[in-house]
Amino acid sequence: MSEYSDSEVDRVMTGRPPSSYGSMHSDDEDEDNFEPPLKHAETKVRLYRSGSPETAITERTHTNQSSIYQDGLLLRQQSIMHKEASPQRYEEPMTLEHSEVWSDVRSDVRTDRALNEEPDDREMRETDQQEQPNESAAMEVQEERSEEPAYDFDEIVVHFEEPKEPPPPPPEGAGLQFRHTHSSLTLRHVLTAMVNSLGQLHPSEMSYYKRCLSSHCKFKKNYPVIADLTDALDVADKMIEICKLGEALYLTVRNLQNIRRDDLAKTLRKTCRRALLQYDLKMAHDRRYYSLYEGRCRPGQQRYISDVYVEPVTVIRGSRDPINPENEVQRIPYTIEEMSIRAADIFRPLPPEHKPIRTVMMTGIPACGLTVAVNKFIVDWMEEKNNQDFQLVFPIPARELYVGKGGELNFLETLSSYFAEAEDIGFIEKEDCLSLFIIDALEVCRHGLDFKNNKTITSPREKAPLDALLTSLIKGTLLPNACVWITSHVTAAHKIPPNLIDRHVQLRGFTDVGKEEYFTKRTTDPELGRKVYNQMKRSKALEIICHLPLFSWMVAFIFERAFRDPEYGKHPPGITAFYSQYIVVQMNRSFEKYRGCNVEAQKWKDEDKMFIEMMGKMAYRMIQEGRDCFNVADLRNVNLTYDDLCSRDELTTEVKRASEDIETWVFKFIHVTIQEYMAAMYVYVAFRKHAKNVFISSQKSWLQSSSKDRPVIEMYRPAIDRMLASPNGHLDMFLRFLIGLVTPGTEDNLRGYVLSHYHPKAKGTEDVVKYINKKMKENIHPDRRRNLELCLVELEEGKEER
């Protein structure tokens, strides 16, 4: 081990390159008055003193901590608490105010040097210190400590006391950032631990270490500079300068193992256990959440989430219906005022709240962007943009929770089964370790979550069924200092008792401003984005339903491809093709959630096709009766069950539950235009597939030809007449979807799903155009005339197969 002195430090500092971390000057210190720490005979116990929980039996106990080695008790320098009022992130260049960090590190280096003194000198110092009356106190502490469990939270404990002066309050949208950075996560602590480990290397080992370091891609071009460094502090400083704090610590541990200094690697790992785990989690989150698949997961179709994410409207739960009731004909303004909140601030207490928010339930209708909001939250935490009070973030998709069903593990074992990096992290139950657990998509969770009868778990090392672990975590008996974030469709939110939720928020989707931002942001060509946005606004129906982020993606994706044709965009777009694609995409997403992503699971079964037809039949009945709600009795009337609905829940949502009686539950389609499209699709498929005309009585239909190749004018003539007879236009959108389905480009979207691949082409569309033109010449209401014009647009757009 190399030996350090003031003159040697000065020599190294004189020739060192400029550091991005600022001044490296250290304060003068008199080494003659320095008393080194002691290395006692083997005791195999950790010594504690009431004044400092990590002390040994010297007067320097308030700045040292102990750790047990195979050869006995060895004292190690404890990292010194961060003194700045606001936490400094390691990406930021160091300024002159950080010079005290380096001064402390150099003091640590001198302290470490004392361990390498000659035996004679050490014996003399030990003799002098034995005269101090500390033996009895040490023995007392040793006996007192022997009665306690030996569990040490798998880390060398770092004493942390929150400074009295809190950091300045963060701005809105920054989330929880009201605490000082924990000592074990600060630059001072990690750098000191790295220097202490590297300082114990022999010069030959240090050379081998630097050669191992040169194999890393970030150090190849900087290897000549690193090769000339001999001081442990210089090497650690350069590593942090090149690859930031977390990666530098990870590489130090790995390379110490490569040079077969496992003892130093083990000590460094335990000394910086939280910082290493945080880095490992961030790397795992980066691989999993940084890229976003819009729509369905397809290889090569992912995009960086920051390139497409637009923050949706998030409100603290009010009394408003989660469904947007607007369509192009019926504009219903909202009159209920709700409190909006930034998505990053869901755990932040709002005035006049003072109680911390522990459990948050976020609900929303399908396609509103719940999972994407979770992904963006994690990415922002990973990039240290917000919610930095959370030391650790563990997202657990609810579908994966089914893996542990039936077996009994403790919570730490369960956590490590989802995150290999989180093995043996007993310190997670400490008060100074604030962590966040995210249970995403609760509607997919197959556990009963029996809060009444499940055993109450209080220790993360107590074995229990996974269902009991989940209920105890949500109740707060297990890890009461951790926060829990649950996302769910409204249908499954009832699984969590309301008294266990500190805050209930709802995701509403995009505002008008958010729509424009999304369409212009998602493409690298701003001009193309504005063109797509303007084209979308030409259809009022599309503009309204694009408050759903998933529908916005579909519109943007199709229009961006369509604008490759320079002739595209002369007429307002047809909308039926968008809805046909949307139904298929949503059904496929349901299959992914409840069946899996393999080829067999993704195939449409006969019961899936029948489900679509029967939901359309129910939607048609609802339109005839002038209502937009349905219940379980309505499902039974079309030979469907509640389980059928729950396993394909991307098209509907629950809106009201008066009691536990299933007969009282009320449901809606996720948008009124989805209901109108489903009704039109049922009428069209009944005519084209089953040769049934729903607009005439069954007796008259039986007398007519039952051929599936009948002219479609037989269906459209009574449909147009009924629309024109409607006093309030409640059939306008229904008729537009019905006429749009007959066009070749749109009908092809249904082939292989509710129509066969080899179904004959529709006949008689020219007669439909003639009949519409004839009705437009008659004296009809201007709104009905305008709707007929849009019906012709649907026909023309489909004929051009755009």
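Student: In α19, how many of the 19 residues are buried?
Tutor: Keep in mind that we're looking at a predicted model. Helix α19 covers residues 576-594, and the rest of the structure largely encloses it. That follows from the count of buried residues in α19, which is 15 of the 19.

Student: What does α19 reach from its first C-alpha to its last?
Tutor: Start with what you'd expect: at 1.5 Å a residue, a helix of 19 residues should give 27 Å. The model comes out close to that, with α19 reaching 28 Å.

Student: Which residue just after α19 takes a positive phi?
Tutor: Look just past the end of the helix, where phi swings to about 120 degrees. The residue there is Gly 596.

Student: Is β9 buried or exposed, and which residues cover its two sides?
Tutor: Strand β9 runs through residues 435-440, and 6 of the 6 are buried, so the rest of the structure largely encloses it. In a regular strand, side chains alternate between the two faces of the sheet. Here both faces are covered, so to speak: one side has Ser 435, Phe 437 and Ile 439, and the other has Leu 436, Ile 438 and Asp 440, all of them buried.

Student: Which residue of β9 stands opposite Phe 394?
Tutor: β7 (residues 392-397) pairs with β9 in the parallel sense, over 6 bridges. Within β9, the residue facing Phe 394 is Phe 437.

Student: And in β11, what is the bridge partner of Leu 436?
Tutor: β9 also pairs with β11 (residues 483-489), again in the parallel sense, with 4 bridges. Leu 436 finds its partner there in Cys 483.

Student: Why is one side of β13 and of β14 left without a neighbour in the sheet?
Tutor: Their open sheet has 3 strands in the order β13-β15-β14, paired antiparallel. β13 (629-630) and β14 (652-656) stand at its edges, so each has just a single partner strand.

Student: In β15, which residue is the bridge partner of Thr 652?
Tutor: β14 and β15 (residues 666-669) share 4 bridges in the antiparallel sense. The β15 partner of Thr 652 is Phe 669.

Student: How many disulfides does the whole structure hold?
Tutor: Take Cys 243, which is buried at a relative accessible area of 2%. Its closest cysteine sulfur, in Cys 217, is 9.5 Å away, too far for a bond given the 2.5 Å cut-off. Searching the whole structure gives a disulfide count of 0.

Definitions and conventions:
Residues numbered from 1 in each chain as written. Predicted model: local features only at pLDDT ≥ 70, side-chain atom pairs only at ≥ 80, totals over all residues. Heavy atoms only, no water. Expected span 1.5 Å × (residues − 1). Buried < 20%, exposed > 50% of the residue type's maximum accessible area, 1.4 Å probe, protein only. Pairing = 2+ DSSP bridges.
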